[in-house]
Amino acid sequence: HMCHFFPCPDTTPPVICDLECKPGEECKFEDVVCVSPPCDPVKVCSPVRCEEDLRTCPDGSTVGRNPEHMCHFFPCPDITPPVICDLECKPGEECKFEDVVCVSPPCDPVKVCSPVRCE
């Protein structure tokens with residue numbers, strides 16, 4: 001009957017990868033070809049690998065993730081439709097947008113007819 005002790009728990013403190021990497025890169029440990037063992041992994045900066053999922057934007061297009069911004073999605077394209085000034089103005093006047101004094105923001109500019117200015 002042989003008695004064996006259980007191995008002691010590993011009390012080695014965790015090794016922190018603390019290299020300063022460029023945006024879009026992260027510090028990782030990489031194994032090296034070892035000439036005289038034991039050899040510890042080395043710290044290297046390598047490109048951030050984001051998930052390859054896509055987000056569908058309101059206009060139906062899709063955007064991926066940005067490795068330079070912690071893998072957040074790239075912004076969707078601006079789909080604000082062009083605003084058309086469509087007031088019927090008198091001859092010599094044109095439709096323009098004019099800012100207003102705003103009581104409770106946000107307040108959109110209003111359409112007004114104003115004299116055409118020659119420049």
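Visitor: Why is the disulfide of C50 and C71 called left-handed?
Guide: The torsion about their S-S bond is about -80 degrees, so that link counts as left-handed. Keep in mind that this is a predicted model, where local features need pLDDT of at least 70, side-chain atom pairs count only at pLDDT 80 or more, and totals for chains, interfaces and linings use all residues. Residues are numbered from 1 along each chain as its sequence is written, and side-chain values use heavy atoms, with hydrogens and water left out.

Visitor: What makes C50 and C71 a disulfide in the first place?
Guide: The rule asks for a pair of cysteine sulfur atoms within 2.5 Å. The sulfur atoms of C50 and C71 are 2.0 Å apart, so the pair passes. The partners come from distant parts of the chain, 21 residues apart: C50 sits in the loop between β2 (42–47) and β3 (55–56), and C71 in the loop between β5 (65–66) and β6 (72–73). Strands here are DSSP runs (E, at least two residues), numbered from the N terminus.

Visitor: How many disulfides does that rule give?
Guide: Seven. One of them joins C34 and C39, with sulfur atoms 1.9 Å apart. At 75 degrees about the S-S bond, the C34 and C39 link is right-handed.

Visitor: Why is C50 called buried?
Guide: Buried means under 20% relative accessible area, exposed over 50%, and partly exposed in between (1.4 Å probe, protein chains only). C50 has 19%, so it is buried, and C71 is buried as well, at 16%.

Visitor: And why does C34 count as partly exposed?
Guide: Its relative accessibility is 31%, so C34 belongs in the partly exposed class. C39 lands there too, at 36%.

Visitor: How do you know that N66 is buried?
Guide: N66 has a relative accessible area of 12%, so it qualifies. This residue is in strand β5. Not counting residues up to four places away in sequence, N66 touches C50, C71, H72 and F74, where contact means heavy atoms within 4.5 Å.

Visitor: What makes R65 a charge over the ring of F73?
Guide: The test wants NZ of Lys or CZ of Arg within 6 Å of the ring centre and within 35 degrees of the ring normal. R65 lies over the face of F73, 4.0 Å from the ring centre, so the distance fits.

Methods. Helices (H or I, at least four residues) and strands (E, at least two) are DSSP runs, numbered from the N terminus.
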